[in-house]
Amino acid sequence: MTEQEFQTFLRSIRPADRAAMDAAARRQAELAKPPGSLGALEDVSIRLAGLTGRVKNRIDRCRVLVFAADNGVTAEGVSATPVSVTLSQSINMTRHITGMSALAAAFGDSVVVTDVGIDADVRCPEIVDRKIRRSTGDIAREPAMTREQATAISVGMEQAQRAAQDGMQAVGIGEMGIGNTTTSAAVLAALTGLAPEELTGRGAGLTDDAFRKKKDVIRRALTLHRPDPADPVGVLSAVGGLDLAAMTGAFLGLAAAHVPAVADGLISVVAALCAVRLCPAARDAIFLSHASKEPGYRRAAEELGLAP
């Protein structure tokens, strides 16, 4: 997809249908129940009406899209988990033996795992091969990827379109990639101007020394690359990851298809923020699943103006 085609696609994403939302709100007021007694579910139903243009909506067919990639920043010692876990867990997801995929199987939801940058030869036919490159660069020393390689965004758009064509009525957006809480915090800091200390969590159980190193690595990366917050694709290229780029594309693609997109945790909500910075109308398709304990999650949710 050329830059011109991408911009045309972004302009095609329309905001919520306010007339449908008003009709859904009126229906809520007419139901035989105390006003507001269904809490946030009432707000969700109204937002769904705005997205689909229908007052009454059902969600029977769901899918989880997982984008898997490795991150070169792990060379800086920012993760307590070996990079080999990216490949092994990606395979396990296709076998329904991870937490997410076991729950998905129990509810009859499909899971699609896409390789956009696993640092290994992947010999699992159930994993969709859209590898852009093997891992990203170490952001403390070089850009994560070239701007052209950020075309991983189009991989996410492709999977979103396929989900819509398959009749999915809601899609969860997730990832598998060791080291991506570091890249996510770096992207979030670049987009918001907030200090890494405010946004960086321990991830998967870092020691105090490794935690200090993680924050220092993010500071060094931002100082080295000085990404422009007005250029989300440039931010992803400089300090992000292939998984983040693909997830950004998935949020955009689902917004274009009027399918609700559910953000999972820190990495997912940062990708959602990238999508909204590229196209503000995409926000109307995004729903937050839960309140992550990662400190950057709350900041990203505030930037989106959404509550889990």
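Two strands are said to pair when DSSP finds at least two bridges between them. In this predicted model, β1 and strand β2 (residues 110-117) meet that condition, pairing in the parallel sense over 7 bridges, and one residue that takes part is Arg63, whose bridge partner in β2 is Ser110. Both strands belong to an open sheet of 6 strands with parallel pairing, arranged in the order β3-β2-β1-β4-β5-β6. Because β3 (128-129) and β6 (286-288) stand at the edges with a single partner strand each, one side of each is left without a neighbour in the sheet.

The loop between β1 (62-69) and α4 (84-94) holds Asp70, a residue that is buried yet has no salt bridge. Its surroundings include Val83, Gly117, Ile118, Ser135 and Thr136, which Asp70 touches, and the table lists distances from the side chain of Asp70 to three partners.

| Partner of Asp70 | Relation | Distance |
|---|---|---|
| Asp119 | backbone nitrogen to a polar side-chain atom of Asp70 | 2.7 Å |
| Thr86 | polar contact between side chains | 2.8 Å |
| Lys131 | nearest side chain of opposite charge | 7.1 Å |

Turning to the nonpolar interior, the largest core has 81 residues, and Val187, Phe251, Leu252 and Leu288 are those with the most contacts inside it. Helix α12 (residues 266-278) gives the most to this core, contributing 11 residues. Apart from this core lies another, of 14 residues, among them Ile91, Ala104, Val111 and Ile127. Leaving aside neighbours within four places in sequence, Leu288 is in contact with several residues, including Ala263, Val269, Tyr297 and Pro308.

Notes:
Residues numbered from 1 in each chain as written. Predicted model: local features only at pLDDT ≥ 70, side-chain atom pairs only at ≥ 80, totals over all residues. Heavy atoms only, no water. Helix = DSSP H or I, 4+ residues; strand = E, 2+ residues; numbered from the N terminus. Buried < 20%, exposed > 50% of the residue type's maximum accessible area, 1.4 Å probe, protein only. Lys, Arg positive; Asp, Glu negative; His and termini not counted. Salt bridge = Lys/Arg side-chain N within 4 Å of Asp/Glu carboxyl O. Polar contact = N/O pair within 3.5 Å; in protein donor to acceptor, adjacent residues only side chain to side chain. Contact = heavy atoms within 4.5 Å. Core = buried A, V, L, I, M, F, W, Y, C linked by side-chain atoms within 4.5 Å.
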